[in-house]
Amino acid sequence: MQNLWNDDDAAQFNDELELRVYTSRLLGREPALVLHGGGNTSVKIVEVDILGGEEEILYVKGSGWDLATIEAEGFSPVRRAHLRALAALPKLSDPEMVNELRTHMTRASAPTPSVEAILHAVLPHVYVDHTHADAVVAITNTPRGVEHIREIYGDSVVVIPYVMPGFDLARVCAEEFAKQANERTIGMVLMNHGIFSFGESARQSYERMIALVNQAEDFLRENGAWELGEAAIEGEQQAFDPAAFGRLRSEVSDLAGVPLIVAARRDSRAQAFLSRDDLTHLTQQGPATPDHVIRTKRIPLLGRDVDAYGQSYAAYFQEHAEVHGGELRMLDRAPRVVLDPQFGICAVGKTAKDAAIVADIYDHTLDIMQRAEALDSYQALPAKDIFAVEYWDLEQAKLRRAGAAPPFTGEVALVTGGGSGIGHACVKALLQRGAAVVALDRDPAVEALLPGPGYLGITCDVTDGQAVDAAVSRGVETFGGVDMLILNAGVFTASQSIADMGDDQWRRSMAVNLDANLFLMRQLHQFLCLAPRGGRVVVIGSKNVLAPGPGAAAYSAAKAGLNQLARVAALEWGEDRIRVNSLHPNAVFDTALWTEEVLAERAARYGLNVAEYKRSNVLRVEVTSHDVAELAAEMCGPVFAKTTGAQVPVDGGNERVI
Ligand code: ZN
């Protein structure tokens, strides 16, 4: 574990709170310490209030902020004296605690303080850092965890048995700290949960955290439990079967009742883990630290029996909900991690981002489980403790805070020609509506066009069947399926009269504008059939289908062929719940199709200048890629839920079409 403290960087942060921001970000930069919103930090500052009185304020990480990116306003200022008084109460319910935290802040606009605020308040030190360090979590998830921790740290840390986070944990910590702490105490280990460090300065507390974690890592090294070693993988890696993977995603989505993204990870590390003999023992106990449960569920699905997983989840819920009392509503029963020899380690989420978070958490869980096993034996908390956190309202609130989901959340779209023009605009329109998007384009720039886990750009010539196959397979491996297909890639060959038409020009237009689309539809049919909300195909046609122009025979004939193909698909695929609709744009000039040359030549053909030509429609408006993309996205949405085989112009109104 590296100490990342840097004097020059630290000099940019001036007061106590700013330095708290600085070292919090240092902790947040290290995923082996904290992951995706895990961990929390605080600083106690004496301030003068508006009436001139002095009071001590606990600045504690606000709920919803991530240590890696936290700002000063991400810390909630709470009156410390009140929090310390609360800690002396025999009990305090969660809603009461949240109410006390929120009503004793000194800035009304601050975020809700961390549920561990009271714990931070009872510790006497100015700075307090808390992480879920992998090494500490590995050691504490073993049968002899307390013994190991005592051996490593002696009396320099206070040891707290597992208690669920929240008020009870704060109270226990206050009592145990009073009993166990001495002048050598620099931290506190929470069994099966994580570690705290304290100090009088931001630097001291941070450096103590690093030192404590390094002691734990050294202990694992000394006990031959650090290096995991890549287990030799026997035989060839099994070929990935996209169709079977699509079926798995469909079953998982059905169980959840909403479309889910399923991302496969099949590298050598995943394979080595999956080939372990003790896979069931390691993976079927529970997460490494309880708050992972809201992301990963308690245990992964081993194999592909999604139904059995759902049944066993329902049984787990029934068993523990009864003990819990109160009115609990069962969450969806779908697994969030699936372990399968052929599919690898699969992360499941409501969005590609959620799935990526699950993948990150499980990646660290692999290390933790394997190291605990090498040291001793991996022993997670009993199911009842995990259940209590999974159904803890304050944890569920973290997920609910995300707000209403956009319409295509959990769905996957594939857009051809997604690197520019109408295709790129479609990619953006679909991403904006919550879909994960696979964009194919001949131009390799497509690969890095947009950031984020929900976008996959693949260089692919749609006329190359093998390349399309490979791209579809990669898209399915990344997101789990394809629910929406936007057939946009096209080529507009230069004007040529029929009498002078070359074979090449004709064939090129047919290959790109027609044949490639047949191939794509054929390849994707099986995935569209599996789409949780029914498959959708949107064909970007052309005004030329309805009103061809002279000199555009190759283009118009190919697009007309595509139009018929779409209509037949609408007829054939209705029983598969797949909707196929076409839109016919005209004169969309912000695309690569319309070079200055083509534009000038077209305008001249109609006896207009370029400016007139651009708005030469009934409504006298210019049609943009964005306009077309919005219609394409809407055609995939609920407005068109009962429409198939439709052809909608998006051309500003064309006299020949009307
Ligand atoms: Zn924690």
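**Reading domains, an interface and a zinc site**

Across the whole structure, which is a predicted model, a search finds 33 salt bridges.

Me: Which of these salt bridges could I look at to see how such a pair connects parts of the chain?

Reply: One of them joins R184 and D155, whose closest N and O atoms are 2.5 Å apart. R184 sits in the loop between α8 (167-180) and β6, whereas D155 belongs to the loop between α7 (145-153) and β5 (157-160), so the pair ties together parts that are 29 residues apart in sequence.

Me: How many domains should I have in mind before I turn to the contacts, and where do they lie along the chain?

Reply: The chain is divided into domain 1 (7-222), domain 2 (242-401), domain 3, which is made of two segments (412-588 + 624-650), and domain 4 (592-622). For domain 1 and domain 2, the C-alpha centres lie 28 Å apart, and their contact draws 29 residues from domain 1 and 24 residues from domain 2.

Me: What area do domain 1 and domain 2 bury between them, and which residues of domain 1 supply the most of its share?

Reply: The size of an interface is often given as the accessible area lost when the parts come together. Here domain 1 and domain 2 bury about 2400 Å² between them, with 66% of that area on carbon and sulfur atoms. On the side of domain 1, H36, N141 and Y162 supply 23% of the area buried against domain 2, which is more than any other three residues.

Me: How many salt bridges and how many polar contacts cross from domain 1 to domain 2?

Reply: The rule finds zero salt bridges across this interface, while seven residue pairs are in polar contact between domain 1 and domain 2. On the side of domain 1 that touches domain 2, α4 (94-103), α6 (134-140) and α9 (202-222) each supply at least two residues, and α6 gives the most, with four residues. By residue class, that side of domain 1 divides into 15 nonpolar, eleven polar and three charged residues.

Me: Which residues coordinate the zinc ion, and how are they spaced along the chain?

Reply: The zinc ion is coordinated through the NE2 atoms of H130, H132 and H193, at 2.1 to 2.2 Å, and these donors follow the spacing H-x1-H-x60-H. H130 lies in strand β4 (residues 127-131) and H193 in the loop between β6 (187-190) and β7 (194-199), so this pair ties together parts that are 63 residues apart in sequence.

Technical notes:
Residues numbered from 1 in each chain as written. Predicted model: local features only at pLDDT ≥ 70, side-chain atom pairs only at ≥ 80, totals over all residues. Heavy atoms only, no water. Domains from an automatic or database assignment. Contact = heavy atoms within 4.5 Å. Buried area = accessible area lost by both parts, 1.4 Å probe. Salt bridge = Lys/Arg side-chain N within 4 Å of Asp/Glu carboxyl O. Polar contact = N/O pair within 3.5 Å; in protein donor to acceptor, adjacent residues only side chain to side chain. Nonpolar A, V, L, I, M, F, W, Y, C, P; charged D, E, K, R; others polar. Donors = N, O, S within 2.8 Å, 3.2 Å for Na, K, Ca; no water.
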